[in-house]
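Biologist: I'd like to walk through this one with you, a question at a time. Can you take me through the reasoning as well as the answers?

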Amino acid sequence: MAKFIRQLIYLGILFTLGCSSVSDDNFSEKGKLAMRDVGHNLLLSNYDHTSIVLPVIEIAPKKFSLSFEDNLEIYPDTLVHTIQESILKSKLPQKYLVEVLHCDNGVVAYSYEMNGDVDENIIPCLGRNLPKNCYSIHLKFKESSDSQFYNKGPIYIGLAFLGLTVFFLYRRSEDIPPTNSDKANFVRLGKFKFYGLEHKLEHDGIEIKLSNKECELIQLFSAMPNQIIPRETLVKKVWEDKGVIVGRSLDTYVSKIRKKLKLDPEIKITNVHGVGYMLEIE
């Protein structure tokens, strides 16, 4: 069960990371494509049909830089409209900050902010054109509660999947009755606890070690308490089935077991003459 849960968690993590990666990569590609479309239209507004738009660079998460091969004149009205149109076509978030910077010193020549609402947009200096020069345009998308969920939605889904899976398996494990292996790994013999796998008896905190043969004999006796077990059965199970021929070994080992069981007077091994032995427990 534990191994199964670990495998499900591993798959859930892969799912979460995979979905997150796809979402981020998709946003990056769409952002670059939108900015390239902006650059193309700005050149057309300058009647420039020959120079090229340089590769769009994502200089930070969700922040893109657009630059040009030649100088151009920037018309704020055209810039605002062109960027907004490209953003809408690409279905990108409507909250972003735009900065126009001089290429030589990085000084901001013009900037404005879009907040997804006409009354909250900050667009200064419309109608005042920037003279022809070398400019780069930076656009940074701003986080919002909606965009955060859009971008991190797969992560939330993956975590919810993991939580529900672990909860379901935990509840299910509570409903499954314990198997023999889940129970205490001892057999009670009077006041003794017999640990077959550990080859020992325990009495009031005292441990008594058992040899292999002693352990095998006690296992047979404990399986049939207060019943006579024929001598032939004991010999066959413990010795002959393993290819060993014995003489008086059975009597010797029974004598050893009796000594170890003396701590509890209510339990004893009785010799039924001519038949076998019986483990008596009062």
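Biologist: Let's start inside a strand: what is the relative accessible area of leucine 66, and is it buried or exposed?
Modeller: Keep in mind that this is a predicted model. Leucine 66 sits in strand S2, which covers residues 63–67. The cut-off for buried is under 20% relative accessible area. Leucine 66 falls below that, so it counts as buried, with a value of 0%.

Biologist: Which residues is leucine 66 in contact with, leaving aside its neighbours within four places in sequence?
Modeller: One of the partners is valine 38, which is 28 residues away along the chain, with the two C-alpha atoms separated by 8.7 Å. The full list for leucine 66 is Met35, Val38, Gly39, Val53, Val56, Tyr135, Ser136 and Ile137.

Biologist: Serine 136 is on that list, so is serine 136 buried or exposed?
Modeller: Serine 136 belongs to strand S7. Leaving aside close neighbours in sequence, serine 136 touches Leu66, Ser67, Glu99, Val100, Leu101 and Cys103. Its relative accessibility is 12%, and the cut-off is under 20%, so serine 136 is buried.

Biologist: Cys103 came up there, so which cysteine does a disulfide join to cysteine 103?
Modeller: The test is a pair of cysteine sulfur atoms within 2.5 Å. By that rule the count comes to one disulfide. Its S to S distance is 2.2 Å, and the partner of cysteine 103 is cysteine 134.

Biologist: How many residues apart in sequence are the parts that this pair ties together?
Modeller: Look at where each end lies. Cysteine 103 is in the loop between strand S4 (95–102) and strand S5 (108–115), while cysteine 134 is in the loop between strand S6 (130–133) and strand S7 (135–141). The pair therefore ties together parts separated in sequence by 31 residues.

Biologist: Is the link of cysteine 103 and cysteine 134 left-handed or right-handed?
Modeller: For that, check the angle about the S-S bond. It is -80° for cysteine 103 and cysteine 134, and that makes the link left-handed.

Biologist: What about cysteine 215: buried or exposed?
Modeller: Let's go through the cysteines. Cysteine 103 is partly exposed at 37%, cysteine 134 is partly exposed at 26%, and cysteine 125 is partly exposed too, at 39%. Cysteine 215 has a relative accessible area of 2%, so its label is buried.

Biologist: On to the helices: how are H4 and H5 placed, oblique or roughly perpendicular to each other?
Modeller: H4 (residues 212–223) and H5 (residues 231–238) have axes 10 Å apart and pack at about 135°. Their crossing is right-handed. Roughly perpendicular would need 65 to 115 degrees and roughly antiparallel over 145, so the word for H4 and H5 is oblique.

Biologist: How many nonpolar residues are in the contact of H4 with H5?
Modeller: From H4 come Lys213, Glu216, Leu217, Leu220 and Phe221, and they meet Leu234, Lys237 and Val238 in H5. By class, three are charged, none are polar, and the number of nonpolar ones is five.

Biologist: And how do H4 and H6 sit, oblique or roughly perpendicular to each other?
Modeller: Lys213, Glu214, Leu217 and Ile218 in H4 meet Leu250, Tyr253, Lys256, Ile257 and Lys260 in H6. That contact has five nonpolar, no polar and four charged residues. H4 and H6 (residues 249–260) pack at about 80°, with axes 10 Å apart. H4 and H6 are therefore roughly perpendicular.

How values were computed:
Residues numbered from 1 in each chain as written. Predicted model: local features only at pLDDT ≥ 70, side-chain atom pairs only at ≥ 80, totals over all residues. Heavy atoms only, no water. Axes fitted to C-alpha atoms, helices over the stretch in contact; angles between N-to-C directions. Helix = DSSP H or I, 4+ residues; strand = E, 2+ residues; numbered from the N terminus. Parallel < 35°, antiparallel > 145°, perpendicular 65-115°, else oblique. Left-handed = near helix turned anticlockwise from the far one by under 90°. Contact = heavy atoms within 4.5 Å. Nonpolar A, V, L, I, M, F, W, Y, C, P; charged D, E, K, R; others polar. Buried < 20%, exposed > 50% of the residue type's maximum accessible area, 1.4 Å probe, protein only.
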